[in-house]
Amino acid sequence: MAKKELQILTFEALNRAPSIEEEKNKSNDHLVEEIFKKFPRNNKIEEITAKVLLLNLAYSSNLHFHFSDEFTIFDFVKSIAQIQHLDTYLKSGNEKAVEAILNISNHRNFFSFASKYCFAHNHYVYGGDAVSIYDSSVEKFLPKYADCTRTQLETWRKKKAYAS
């Protein structure tokens with residue numbers, strides 16, 4: 001099997017390909033940063049709700065597809081508020097934060113959402129870089145810039161016991 005040729009990801013290459021989506025994401029990132037800094041803790045339902053709804057809208061997490069009369073967004077938010085040690089996990093970038101949110105429900109989009117929620121806390125609130133976002137865009141584009149395949153990414157996710 002021939003070795004895959006990777007594309008080189010450089011600032012110059014990124015700057016040559018600006019898009020409307022990127023501009024939207026820059027403003028979304030700024031808003032997410034401001035809200036997460038304003039509400040860094042996860043013990044007040046109203047603050048968690050604001051963060052959940054903002055992330056869902058700003059980054060198209062599609063959470064609404066997974067809610068029903070039996071499991072509402074309020075149930076989801078209450079469950080986040082009840083996760084013991086969540087703020088400690090978020091501050092340190094401990095993967096238990098993502099796992100705890102995933103344990104609320106095993107939907108793949110919750111994985112995407114959980115990684116975004118934990119990233120926003122770790123990065124914007126605490127200045128960390130221990131949490132990465134994993135969503136369909138990462139799954140699609142990462143193999144173009146790293147020596148991995150979508151199958152390898154799926155295997156990694158399963159080893160980590162992250163639901164698909």
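In the predicted model, Y134 is buried, with a relative accessible area of 6%. The residue is located in the loop between α7 and α8, the latter helix covering residues 136-145. In sequence, Y134 and F113 are separated by 21 residues, and their C-alpha atoms lie 8.6 Å apart in space.

The chain as a whole contains nine helices and zero strands. Its order along the sequence is accordingly written as α-α-α-α-α-α-α-α-α. Of the 164 residues in the chain, 35% are buried. Among contacts with a sequence separation of 6 or more, 59% are between residues 24 or more positions apart.

Two buried residues of helix α7 were examined for their surroundings. Helix α7 spans residues 108-125 and includes H121. The relative accessible area of H121 is 0%, so this residue is classed as buried. Its side chain forms a polar contact of 3.3 Å with the side chain of N42. The side chain of H121 also reaches the backbone oxygen of Y117, at a distance of 3.1 Å. When residues up to four places away in sequence are not counted, H121 touches F36, F39, P40, N42, K51, L90 and Y126. N42 therefore appears both as the partner of H121 in the side-chain polar contact and in the list of residues that H121 touches, the value of 0% for H121 being under the 20% limit for a buried residue.

N122 likewise lies in helix α7. With a relative accessible area of 2%, N122 is buried. A polar atom of the N122 side chain lies 3.0 Å from the backbone nitrogen of A130. Leaving aside neighbours within four places in sequence, the contacts of N122 comprise L90, K91, S92, G93, G127, G128, D129, A130 and V131. A130 is thus named in the contact list of N122 as well as in the pairing of its backbone nitrogen with the N122 side chain. L90 is found among the contacts of H121 and also among those of N122.

The packing of helix α3 against helix α4 was considered next. The two helices cover residues 45-58 and residues 73-81, respectively. They pack at an angle of about 115°, and their axes are 9 Å apart. The crossing of α3 past α4 is right-handed. On the α3 side, the contact is made by I45, I48, T49, V52 and L53. On the α4 side, the contributing residues are I73, F74, F76, V77, K78, I80 and A81. By class, the residues of this contact comprise ten nonpolar, one polar and one charged.

Within α4, the residues F76, V77 and I80 are buried. These residues lie on the same side of α4, because they cover an arc of only 95° around the axis. F76, V77 and I80 are also among the residues of α4 that make the contact with α3.

One of the α3 residues in this contact is I45, which lies in helix α3. I45 is partly exposed, its relative accessible area being 25%. Apart from neighbours within four places in sequence, I45 is in contact with F74, V77, K78 and A81. I45 and V77 are 32 residues apart in sequence, with a C-alpha to C-alpha distance of 6.5 Å. V77 itself is one of the buried residues of α4, whereas I45 is partly exposed.

Two residues in loops have positive phi values although neither is a glycine. S60, in the loop between α3 and α4, has a phi of about 45°. The relative accessible area of S60 is 46%, and the residue is therefore assigned as partly exposed. H85 has a phi of about 65° and is found in the loop between α4 and α5, where α5 covers residues 86-92. With a relative accessible area of 52%, H85 is exposed. The two residues fall into separate classes because the limit for an exposed residue is over 50%: the value is 46% for S60 and 52% for H85.

Definitions and conventions: Residues are numbered from 1 along each chain as its sequence is written. This is a predicted model: local features need pLDDT of at least 70, side-chain atom pairs count only at pLDDT 80 or more; totals for chains, interfaces and linings use all residues. Side-chain values use heavy atoms; hydrogens and water are left out. Axes are lines fitted to C-alpha atoms, for helices over the stretch in contact, and angles run from 0 to 180 degrees between N-to-C directions. Helices (H or I, at least four residues) and strands (E, at least two) are DSSP runs, numbered from the N terminus. A crossing is left-handed if the near helix is turned anticlockwise from the far one by less than a right angle, and right-handed if clockwise. Contact means heavy atoms within 4.5 Å. Ala, Val, Leu, Ile, Met, Phe, Trp, Tyr, Cys and Pro count as nonpolar, Asp, Glu, Lys and Arg as charged, and the others, Gly among them, as polar. Buried means under 20% relative accessible area, exposed over 50%, partly exposed in between (1.4 Å probe, protein chains only). A polar contact is a pair of N or O atoms within 3.5 Å; within protein, one must be able to donate a hydrogen and the other to accept it, and residues adjacent in sequence count only if both atoms are side-chain atoms. The arc is that of the directions from the helix axis to the C-beta atoms.
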